[in-house]
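Me: I have a structure that is new to me. Could we go through it together?

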Amino acid sequence: MGRDLKERVKDVLRPTYYKIAHIHVRKKCEQTKKEFEALNNKHKGETCFIVANGPSLRIEDLEVIRQKKVPTLGMNRIYKLYDKTTWRPTYYLTQDPHLIRRTYKEAISATKDSVVFQRSTGESRFDFPSAVFYEVDYARSWKNQKPIFSDCSNCIVEDGTTVTYSVLQIAVYMGFKTIYLIGCDCNYSPDNSITRESYPDPRMYDEKAVGCPPDIAYQFMAYKVARDECEKKGVKVYNATRGGKLEIFDRVDLDEVLAQI
């Protein structure tokens, strides 16, 4: 079967696959709905760090955060740094189906010390056994429409074309009042592709697990929504990333933040 014919067959079957997969996604959400809802306002009024995977992320910063005992939220292949630090995220999130399928076994083993949030791929063999499941609403992002900032009711978050947007929504749902972003560089290669240089450790890069190039314009639109909605809720989000191109959230100096906590 030629490549063009294979792609046409995939296009025909894809809507049916998505419908079947969505049934499983909702089933998993319902199974862990009580666990998800139990986390609502669990950290009311507290401070947290969202640890993204940009190249500016430093091991020594993670060690200081660990010593400060501040709750953290990590994502994707952050665990590739675990052999360099004793820090572990309080919460770990993963939702990219390509990444989950590719890294399932190593991720299961590496994230056992964190509370795991997962958006199921729709295939039971890739479901983390102890995960709290959530759903991602892609309706607006697929149409390039302005996203909302979800209140996470019914275990649903809004897609912002970046897992960091999902993490922000869940962090607010859990009641965090002050949120610091680190490693959120939003600084990709000139052709906007993801490469080994996109991460603090080249081991975090997997060519076969990389999906579409990042939609920076949509991500920034989503971050503006997050900033505005968080301000309405009295939640302050600061960008404590060392460098990078994300200028939507107020910038703060990470060293000063850590010295004051």
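The exchange below turns to the sheet, one helix and the cysteines.

Me: What kind of model is this?
Reply: It is a predicted model.

Me: In what order do the eight strands of the sheet run?
Reply: The order is 5-4-3-2-1-8-9-10. The eight strands form an open sheet, and their pairing is parallel.

Me: Which are the edge strands?
Reply: They are strand 5, at 132–133, and strand 10, at 250–251. Each of these pairs on one side only.

Me: How many bridges join strand 9 and strand 10?
Reply: Two bridges join them, in the parallel sense, with strand 9 covering residues 236–239. Within this pairing, Asn239 has Arg251 of strand 10 as its bridge partner.

Me: And how many bridges are there between strand 8 and strand 9?
Reply: There are four, again in the parallel sense. Strand 8 consists of residues 178–182. Its residue Thr178 is opposite Lys236 of strand 9.

Me: Which side chains of strand 9 are buried?
Reply: Val237 and Asn239 are buried, and they point to one face. Lys236 and Tyr238 point to the other face and are not buried. In a regular strand, side chains alternate between the two faces of the sheet.

Me: Let us change topic. How many residues of helix 6 are buried?
Reply: Helix 6 spans residues 163–173, and 11 of its 11 residues are buried. Among them are Val163, Tyr165, Leu168, Gln169 and Tyr173.

Me: What comes just after helix 6?
Reply: Gly175 is found there, with a positive phi of about 100 degrees.

Me: Now the cysteines. How many disulfides does the whole structure have?
Reply: A search of the whole structure finds zero.

Me: Why does Cys152 not form a bond with the closest cysteine?
Reply: The closest cysteine sulfur belongs to Cys155 and lies 8.7 Å from the sulfur of Cys152, which is too far for a bond. A disulfide requires the two sulfur atoms to be within 2.5 Å.

Me: Is Cys152 buried or exposed?
Reply: Cys152 counts as buried because its relative accessibility is 1%, and the cut-off for buried is under 20%.

Me: What about Cys186: how far away is the nearest cysteine sulfur?
Reply: That sulfur, in Cys184, is 4.1 Å away, and Cys186 is in no disulfide. Cys186 also counts as buried, because its relative accessibility is 11%.

Notes
Residues numbered from 1 in each chain as written. Predicted model: local features only at pLDDT ≥ 70, side-chain atom pairs only at ≥ 80, totals over all residues. Heavy atoms only, no water. Pairing = 2+ DSSP bridges. Buried < 20%, exposed > 50% of the residue type's maximum accessible area, 1.4 Å probe, protein only.
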